[in-house]
Amino acid sequence: MTTDNRSGVRYQPDEKPPPALALGVGLQLAVLNIAAIVLIPIVVMRAAGVGEEYLSWAVLASATVCGLATMLQAVRARRLGAGHVLLMGTSGAFIPASIMALTEGGPALLATLVVVAAFIPLLLSWRLSLFQRVLTPSVSGTVIMLIPVTVLPFVSGLLATGPDGGTPPGAPLSFSVTALLMACLALRGTGALRLWAPVIGVIVGTAVAAAYGLYDVGRIADADWVALPNAQPPGFDLGFGPAFCTLLPSFLLVAVIAAIRTMSSTVAVQQVSWRRASRATDFRAVQGAVAVDGVGNVLAGCAGTVPGSATTTSVPLTQLTGVAARGVGLAAGAAFIAFAFLPKAFAVVLAIPDPVFAAYLVVLLAMLFAIGLKIVLQGGLDYRNGIVVGLAFLTGVSFQYGLILPEQVSGFADGLLANGMNAGGFTAILLTLFLSLTEPRRARIETESGPSAMPRIREFLGTFAAKAGLDSEVADRLAAAAEEALLSLARPDGSGDDAPRRRLVMAAHREKGEAVLEFLVAPRDENLQDRLALLSGEVEETSTESEVSLRLLRHLASSVRHRQYYDTDIVTVRVAV
């Protein structure tokens with residue numbers, strides 16, 4: 001094993017720790033996350049009012065599917081799997097669409113929609129660039145912000161659990177205690193306390209509810225310690241009626257967003273799993289992770305339960321323990337599957353009262369709204385993006401609650417736009433496409449990166465300047481700026497035939513009295529359009545003021561932005577014309 005341990009990594013993904021260590025860390029990861037995996041399907045099933053037998057099956061199926069998908073991520077067989085400890089969980093983003101599917105058509109309709117939507121991550125794993133023009137932070141962030149808007153009406157149903165349909169004594173108190181405690185721990189808690197905030201809130205809220213007789217202890221006493229699960233796959237609704245057509249857009253939109261989160265999680269886990277801090281991001285691992293996303297959702301659909309996506313919860317534990325070996329992922333996945341065969345432990349979770357689940361749901365929705373807002377802000381909220389987000393969000397809210405033309409909206413396409421996520425998502429996509437189609441057409445060239453590419457780049461910029469009506473002096477300044485950028489972006493990758501080679505995609509267009517040059521430089525063996533699509537998603541960036549900024553700002557450019565994403569550089573140079 002390499003002695004350079006400055007990163008704190010004790011075991012890399014390709015190394016084998018002692019079996020006891022891998023099992024211990026894997027069980028710790030499973031214990032920390034099993035609550036989140038089972039709580040979301042329980043919330044969905046109870047909000048939709050399904051029977052207890054099917055609820056039990058759906059939750060056990062979720063745990064089993066998440067376990068299998070987590071193990072697939074660790075294995076990495078050909079183009080399937082990330083080859084890292086990447087925890088797969090149920091996705092809160094699917095909550096509103098899943099509830100409405102169960103309400104409108106039952107488990108069979110949910111199963112059909114989930115399987116159809118599973119082809120989105122499978123398609124993305126093959127060709128990310130297909131969605132690049134519409135998969136902007138403004139679109140994905142707005143759709144996530146609209147999730148609470150469409151789910152909140154179901155919260156009141158979880159609170160009304162009395163024998164006459166009213167609110168039982170103790171429900172408001174247990175709801176309030178759970179929500180406030182979770183919020184306070186999330187705001188002020190640190191380390192393990194913050195990590196366990198949802199579990200602590202649910203336990204305390206359940207204790208309050210139990211004092212009012214809302215906790216079903218008999219269910220726990222009657223449950224066996226070990227037993228085979230009672231499988232109840234719902235089959236598929238192949239009628240493809242109005243409910244299917246109305247809900248399909250919501251499932252497809254959320255599937256795209258969930259796939260983006262899987263990409264982001266895969267990039268994040270790679271950065272804490274290897275000793276060499278400067279190690280390039282493995283783009284094929286990202287594609288493999290998204291492919292498992294699709295396979296896992298196909299399994300979830302066949303089982304009739306809530307689909308999921310990758311999470312970043314394995315990242316802090318990997319940093320804490322220094323164990324990133326694939327055996328940890330195998331152990332965690334096996335632990336999730338084992339949960340399905342432990343009815344006693346499962347009954348403890350199922351006995352939690354509805355008001356406590358309602359509080360958990362409210363806090364989860366608040367966090368989802370904040371995530372959506374963060375994605376929008378990361379993409380830049382300028383004048384145009386502000387209009388896109390504002391109009392899309394208000395359209396979603398207004399159509400969801402029937403504030404604008406309710407009769408016409410509910411009657412159009414069998415109520416397709418009466419769903420706030422559909423209405424807001426379509427609005428954001430259409431406005432984004434309008435902006436994209438009305439932008440000046442960008443000239444583009446793809447070539448090897450480095451000084452040897454300058455003759456082609458000079459010819460390219462000369463043609464661009466002539467078509468844009470720029471004189472020869474401006475063309476010369478653009479060529480000089482491009483040359484300075486390429487020289488400054490040259491990385492010390494080595495020399496000789498074995499040195500890694502990098503490719504360049506360069507684009508040029510006019511914008512408000514400026515000529516804008518964009519450079520994307522990445523490893524030669526990557527699909528640059530797919531890489532650009534990945535980088536336009538929810539991936540943390542590292543912005544730097546490098547030598548390129550100083551040299552160009554001093555002599556040639558009015559502004560320069562240099563962004564580094566591990567093994568990829570993106571430089572935007574603006575030259576006054």
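# Close-up views of a predicted model

**View 1. Arg574 and Glu514 join their side chains in a salt bridge.** The N to O distance here is 3.3 Å. Please keep in mind that this is a predicted model. Arg574 belongs to strand β8 (residues 568-576) and Glu514 to strand β5 (residues 514-523), so the contact ties together parts that lie 60 residues apart in sequence. Are the two partners buried or exposed? Arg574 is partly exposed, at a relative accessible area of 23%, whereas Glu514 is buried, at 19%. Glu514 earns that label because buried means under 20% relative accessible area.

**View 2. Arg46 and Asp354 meet through their side chains in a salt bridge.** Here the N to O distance is 2.7 Å. Which elements does the pair link? Arg46 sits in helix α1 (residues 19-48) and Asp354 in helix α17, and the two residues are 308 residues apart, so to speak of distant parts of the chain is fair. Arg46 counts as buried, with 15% relative accessibility. For the model as a whole, the count comes to 8 salt bridges.

**View 3. A network of salt bridges links Arg444, Glu446 and Arg503.** Within this group, take a look at Glu446 and Arg444: their closest N and O atoms are 3.2 Å apart. Glu446 counts as partly exposed at 32% relative accessibility. Arg444 is also partly exposed, with a value of 45%.

**View 4. The rings of Phe94 and Phe251 form a tilted pair.** How should one describe such a pair? Two values do the job: the distance of the ring centres and the angle of the planes. For Phe94 and Phe251, the centres are 6.3 Å apart and the planes stand at 40°, so the pair is tilted. Phe94 is found in the loop between β1 (88-90) and α3 (95-117), while Phe251 is part of helix α12 (residues 242-271). With their positions 157 residues apart, the pair links distant parts of the chain. Both rings belong to buried residues: Phe94 has 1% relative accessibility, and Phe251 has 0%. The model's count comes to 3 aromatic pairs.

**View 5. Phe369 and Phe393 form an edge-to-face pair.** Their ring centres are 6.1 Å apart and their planes meet at 70°, which is why the pair gets this name; the cut-off for edge-to-face is over 60 degrees. Phe369 lies in helix α17 (residues 354-378) and Phe393 in helix α18 (residues 383-400), so parts that are 24 residues apart in sequence are tied together. Phe369 is partly exposed, with a relative accessible area of 32%.

**View 6. The charged end of Lys344 sits over the ring of Trp225.** What is the distance from the charged end of Lys344 to the centre of the ring? It comes to 5.1 Å.

**View 7. Ile120 and Asp293 are 9.4 Å apart in space, C-alpha to C-alpha.** In sequence, Ile120 and Asp293 are 173 residues apart. Ile120 is found in helix α4 (residues 119-126). Ile120 is also buried, with a relative accessible area of 12%.

Methods
Residues numbered from 1 in each chain as written. Predicted model: local features only at pLDDT ≥ 70, side-chain atom pairs only at ≥ 80, totals over all residues. Heavy atoms only, no water. Helix = DSSP H or I, 4+ residues; strand = E, 2+ residues; numbered from the N terminus. Buried < 20%, exposed > 50% of the residue type's maximum accessible area, 1.4 Å probe, protein only. Phe/Tyr/Trp six-rings, centres within 6.5 Å; stacked < 30°, edge-to-face > 60°. Lys NZ or Arg CZ within 6 Å of the ring centre and 35° of its normal. Salt bridge = Lys/Arg side-chain N within 4 Å of Asp/Glu carboxyl O.
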